[in-house]
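Colleague: I have a model open and would like to walk through it with you. Could we take it piece by piece?

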Amino acid sequence: MLQCGVIGATGYAGSALVSLLAAHPKVEITYLASHSYAGKRFSDIYPSLKGACDLVLQEEDVQEASKLCSVLFLALPHGLASSKITEEILSRCIIIDLGADYRLKDSSVYESWYKTEHGSKSLLEQSVYGLCELHRDAIVNANLIANPGCYTTCSILTLAPLLAEGLVDPTSLIIDSASGVSGAGRSEKIDSLFCECNESYKAYGVTNHRHTPEIEQELSLILGSDVLVQFTPHLVPMNRGILSTCYANLKAGVSEADIESAYYKHYGNEPCIRLMGSSLPETRFVRGTNICAIGWKVDARTRRVIAIGSIDNLIKGAAGQAVQNMNIRCNFEETLGLPLFVSNPL
């Protein structure tokens with residue numbers, strides 16, 4: 001059994017991760033930490049997991065955790081992981097960071113967008129961006145895996161084949177994404193209160209959302225030159241889910257058949273991507289799963305493709321992708337322990 005631990009276990013992403021690990025046939029959870037609930041059992045905080053995970057929560061201690069675990073997941077706010085991870089820790093333990101600290105390869109870009117100093121710049125060179133469908137070969141040998149953000153996972157996967165096949169004008173990319181309230185985390189915030197977000201729909205982080213440079217970094221790698229995107233996130237009054245509507249101008253002569261061919265070329269054998277063509281995804285189609293559903297339509301009038309992706313922000317956008325990364329790194333079946341279908345479609 002693979003011994004695993006989670007630091008930040010009682011947040012939304014952390015608790016979803018504990019739930020997946022508790023049901024994973026190859027995993028034993030040996031360490032859980034939560035500053036807010038240290039000394040309590042995990043199942044005291046999440047009674048739905050009583051009997052599945054009754055481990056007592058510890059105060060966070062990355063050094064100690066790395067001695068007890070073969071794989072340690074960090075579900076911490078940005079700025080914390082980079083001050084705690086060292087070469088020594090990585091020499092004895094695989095780190096999968098669900099936060100932002102190791103996603104951006106350029107520390108100056110990170111510091112500009114996150115307004116904080118990076119605590120371990122020397123480790124950025126060895127970190128691997130854990131978007132499984134794009135970096136599987138690098139993940140296999142990585143001891144420091146940066147789990148992608150939820151908006152970024154959905155947006156990058158939706159656009160990647162179009163750029164990789166040179167079908168669209170890369171200067172024309174616009175991404176409108178909408179997320180459920182759990183994307184804001186479990187901490188108390190006025191904007192997340194029921195009366196503040198119920199029966200309302202709003203844009204936020206306009207022109208400055210921190211997932212923007214992450215999207216640009218990965219799309220630039222695919223294209224082989226710098227990409228700028230117009231990314232605007234929105235808050236939807238639902239618990240979970242992301243829907244990203246992506247617009248791009250088609251290059252001359254590109255047809256709808258070319259678009260379909262590109263998606264099937266890149267994702268036809270991907271177990272965690274569901275291609276829907278013109279039927280188009282909805283968040284309810286992927287709720288509770290590790291699936292990214294993608295559909296598309298070509299507007300002949302405007303010569304644009306509208307590509308739409310959907311994920312569960314807590315699963316494929318966080319915890320599920322972290323487990324998928326673990327499975328790849330530890331040579332398990334990639335989808336082991338991962339939900340691939342909605343348990344209740346209604």
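**A walk through the model**

Modeller: Happy to! Let me start with a backbone detail: Gly 224, just after α9, takes a positive phi of about 90°. Please keep in mind that this is a predicted model, in which local features need pLDDT of at least 70 and side-chain atom pairs count only at pLDDT 80 or more, while totals for chains, interfaces and linings use all residues. Residues are numbered from 1 along each chain as its sequence is written, and side-chain values use heavy atoms, with hydrogens and water left out.

Colleague: How many residues of α9 are buried?

Modeller: Helices here are DSSP runs of H or I with at least four residues, strands are runs of E with at least two, and both are numbered from the N terminus. Helix α9 covers residues 212–223 and reaches 16 Å from its first C-alpha to its last, close to the 16 Å expected at 1.5 Å a residue (the expected span is 1.5 Å times one less than the number of residues). Buried means under 20% relative accessible area, exposed over 50% and partly exposed in between, with a 1.4 Å probe and protein chains only. By that cut-off α9 is mostly covered, and the number of buried residues among its 12 is nine.

Colleague: Which elements are included in what covers the buried residues of α9?

Modeller: The buried residues include Thr 212, Pro 213, Ile 215 and Leu 219. Contact means heavy atoms within 4.5 Å. The cover includes α5 (107–114), β5 (128–129), α6 (132–139), α7 (150–164), β7 (174–179) and β9 (230–235).

Colleague: Which strands are at the edges of the sheet?

Modeller: Two strands pair if DSSP finds at least two bridges between them. Seven strands form an open sheet with mixed pairing, in the order β8-β9-β7-β10-β13-β12-β11. The strands that pair on one side only are β8 (202–203) and β11 (273–277).

Colleague: In which sense do β7 and β10 pair, parallel or antiparallel?

Modeller: Let's look at both neighbours of β7. With β9, the pairing is parallel over six bridges, and Ile 174 has Gln 230 as its bridge partner in β9. With β10, Ser 177 has Ser 244 as its bridge partner. The β7 and β10 pairing runs over six bridges, and its sense is antiparallel.

Colleague: What is the bridge partner of Cys 246 in β13?

Modeller: β10 and β13 pair in the antiparallel sense over eight bridges. In β13, the partner of Cys 246 is Ala 307.

Colleague: Which element gives the largest share of the largest nonpolar core?

Modeller: A nonpolar core is a set of buried Ala, Val, Leu, Ile, Met, Phe, Trp, Tyr and Cys residues joined through side-chain atoms within 4.5 Å. The largest one has 38 residues, and Leu 21, Phe 73 and Met 326 have the most contacts inside it. Elements giving two or more residues include β1 (2–7), α1 (12–23), β2 (27–33) and α11 (315–329). The largest share, seven residues, comes from α11.

Colleague: Where does His 24 lie?

Modeller: His 24 counts as buried because its relative accessibility is 3%. Not counting residues up to four places away in sequence, His 24 touches Val 323, Met 326, Asn 327, Phe 332, Leu 336 and Gly 337. Its place is the loop between α1 and β2.

Colleague: How far apart in space are Tyr 102 and His 118, C-alpha to C-alpha?

Modeller: Tyr 102 lies in the loop between β4 and α5 and is buried, with a relative accessible area of 1%. Leaving aside neighbours within four places in sequence, its contacts include Ala 81, Asp 97, His 118 and Leu 144. Tyr 102 and His 118 are 16 residues apart in sequence, and their C-alpha separation is 9.1 Å.

Colleague: Why is Cys 330 not bonded to Cys 4?

Modeller: A disulfide is a pair of cysteine sulfur atoms within 2.5 Å, and the structure holds zero of them. Cys 4 is buried at 0% relative accessible area, and Cys 330 is buried at 17%. The sulfur of Cys 330 is too far for a bond because the closest cysteine sulfur, in Cys 4, lies at a distance of 7.0 Å.
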